Amino acid sequence: MQPTAGRRLLRTLHRWLDSQAPFELPPPPRTWGQRLWRYKNYLLLHLPCLGVLWVGWSRTAVLVALGLYLVRMFAITGFYHRYFSHRSFVASRFWQFWFAVLGNAAAQRGPLWWAAHHRHHHRYADTDQDVHSPSRRGFWWSHLGWLTDPANLATRREYVKDWLQFPELVWLDRFDKLVPLALAVSLYLLGEYLQRVRPDLGTSGPQILVWGFFISTVVLFHATCTINSLSHLYGWRRYDTTDTSRNNPLLALITLGEGWHNNHHFYAVTARQGFFWWELDLTYYLLVLLSWLGIMRQLRPVPPQVLAAGRRPRERGV
Ligand SMILES: [Zn+2]
Ligand SMILES: [Zn+2]
């Protein structure tokens, strides 16, 4: 018996809220409508940005957007990537959870889903098994398409066995829409509050929601995705790795240090990705600062032999 439309909607909603809800891989999409449906989460994130035409802008709203971009980018690069994916430093259970929550607020799925797919990428980078290689399936697929493939929606738990012992992380990963939803609601309420108590700021609930959540999250999302797409296409290669990773200073700037991707593919377990002093790596500087405050420790350095291998032949005296 075919399920009714109401039941199908409920099932979709359940699946949307609970990433462990029962799910069968659908057949490949045949129509444009079916293809577009796969992008539903990303349309939900992108389309409200057009709301800026109605809500306008204010200095407060833009500052909230910028602040949330920087804080959440740090949580993604410092924790989702360097901590949960590569264990490049040590943090307490308390801090690992709260930085996971902050990373989750970026609406890039849960920490375990993110780390598992990223570990898979390092293992199979630019081979047929790599799920987001631009050299195998093109720019668009590596940037966004792979995220819409139902085969990539589940957390690859076999890649994050070391994190499954923490029920709070497993829970956060399972209900990965709750934190972004809570952030969106909080920002709306903040804007409404500011409109009432500080009308001189010229902001409102809808304006802070559009700038602080939608625009900030979409820019943050695409900046992060460039590391899967553009940093395997444009830039230079210091190390002769088996993948197509490149170093790109512009991408390093917008992602707070992730653009030194060729360095990273060569030696992934260090807390820094800018290996030399002129390679700007804001995430690493912040991690050092937080380590001085005792929030994390044992930042793994770049070994001298890795640095030596990365120096140009002239500098090495060859
Ligand atoms: Zn890569
Ligand atoms: Zn990595």
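Where is the place of Arg-87? Point 4 takes this up.

1. **Status and overall make-up.** This is a predicted model. The secondary structure of the protein comes to 17 helices and two strands. Of its 318 residues, 37% count as buried.

2. **Overall dimensions.** The C-alpha trace spans about 70 × 55 × 40 Å along its principal axes. The radius of gyration is 21 Å, and a compact globule with 318 residues would have one near 20 Å, so the two agree. Now take the contacts with a sequence separation of 6 or more: 66% of them join residues 24 or more positions apart.

3. **Positive phi, the background.** Most residues other than glycine have a negative phi. Two exceptions deserve a look in the backbone, and they are taken in turn below.

4. **Arg-87.** The answer to the opening question is the loop between helix H5 (59-85) and strand S1 (90-91). Arg-87 is not a glycine, yet its phi is positive, at about 50°. Its surroundings hold 16 other C-beta atoms within 10 Å, so Arg-87 is partly exposed. The buried class would need 20 or more.

5. **Leu-256.** Here too a residue other than glycine has a positive phi, near 60°. Leu-256 sits in the loop between helix H13 (249-254) and helix H14 (261-266). Is Leu-256 buried or exposed? It has 23 other C-beta atoms within 10 Å, and therefore counts as buried.

6. **H6 with H10, geometry.** Helix H6 covers residues 93-104 and helix H10 covers residues 167-174. Their axes come within 10 Å and cross at roughly 5°. Angles under 35 degrees count as roughly parallel, so H6 and H10 are roughly parallel to each other.

7. **H6 with H10, residues.** Which residues of H6 meet H10? They are Phe-97, Ala-100, Val-101 and Asn-104. On the H10 side, the partners are Glu-168, Leu-169 and Leu-172. By class, the residues of this contact divide into five nonpolar, one polar and one charged.

8. **Ala-100.** This residue of helix H6 is worth selecting in the viewer. Ala-100 has 27 other C-beta atoms within 10 Å, so it is buried. Leaving aside neighbours within four places in sequence, Ala-100 is in contact with Phe-79, Pro-111, Leu-169 and Leu-172. Leu-169 and Leu-172 also belong to the H10 side of the helix contact. Ala-100 and Leu-169 are 69 residues apart in sequence, but their C-alpha atoms are 7.7 Å apart in space.

9. **H11 with H12, geometry.** Helix H11 (residues 178-197) and helix H12 (residues 205-225) have axes that come within 7 Å. The axes cross at roughly 140°. That angle makes H11 oblique to H12; roughly antiparallel would need an angle over 145 degrees. The crossing of H11 past H12 is right-handed.

10. **H11 with H12, residues.** H11 contributes Leu-183, Ala-184, Leu-187, Tyr-188, Leu-189, Leu-190, Gly-191, Glu-192 and Gln-195. H12 contributes Gly-205, Pro-206, Gln-207, Ile-208, Leu-209, Gly-212 and Phe-213. How many of the residues in this contact are charged? One is charged, with ten nonpolar and five polar.

Notes
Residues are numbered from 1 along each chain as its sequence is written. Chains are lettered from A and ligands numbered from 1 in the order in which they are written. This is a predicted model: local features need pLDDT of at least 70, side-chain atom pairs count only at pLDDT 80 or more; totals for chains, interfaces and linings use all residues. Axes are lines fitted to C-alpha atoms, for helices over the stretch in contact, and angles run from 0 to 180 degrees between N-to-C directions. Helices (H or I, at least four residues) and strands (E, at least two) are DSSP runs, numbered from the N terminus. Angles under 35 degrees count as roughly parallel, over 145 as roughly antiparallel, 65 to 115 as roughly perpendicular and the rest as oblique. Two residues are in contact if their C-beta atoms, placed from the backbone, lie within 7 Å. Ala, Val, Leu, Ile, Met, Phe, Trp, Tyr, Cys and Pro count as nonpolar, Asp, Glu, Lys and Arg as charged, and the others, Gly among them, as polar. The radius of gyration is taken over C-alpha atoms; the globule rule is 2.2 Å times the number of residues to the power 0.38. A residue is buried if 20 or more other C-beta atoms lie within 10 Å of its own, exposed if 12 or fewer, and partly exposed in between; C-beta atoms are placed from the backbone. A crossing is left-handed if the near helix is turned anticlockwise from the far one by less than a right angle, and right-handed if clockwise.
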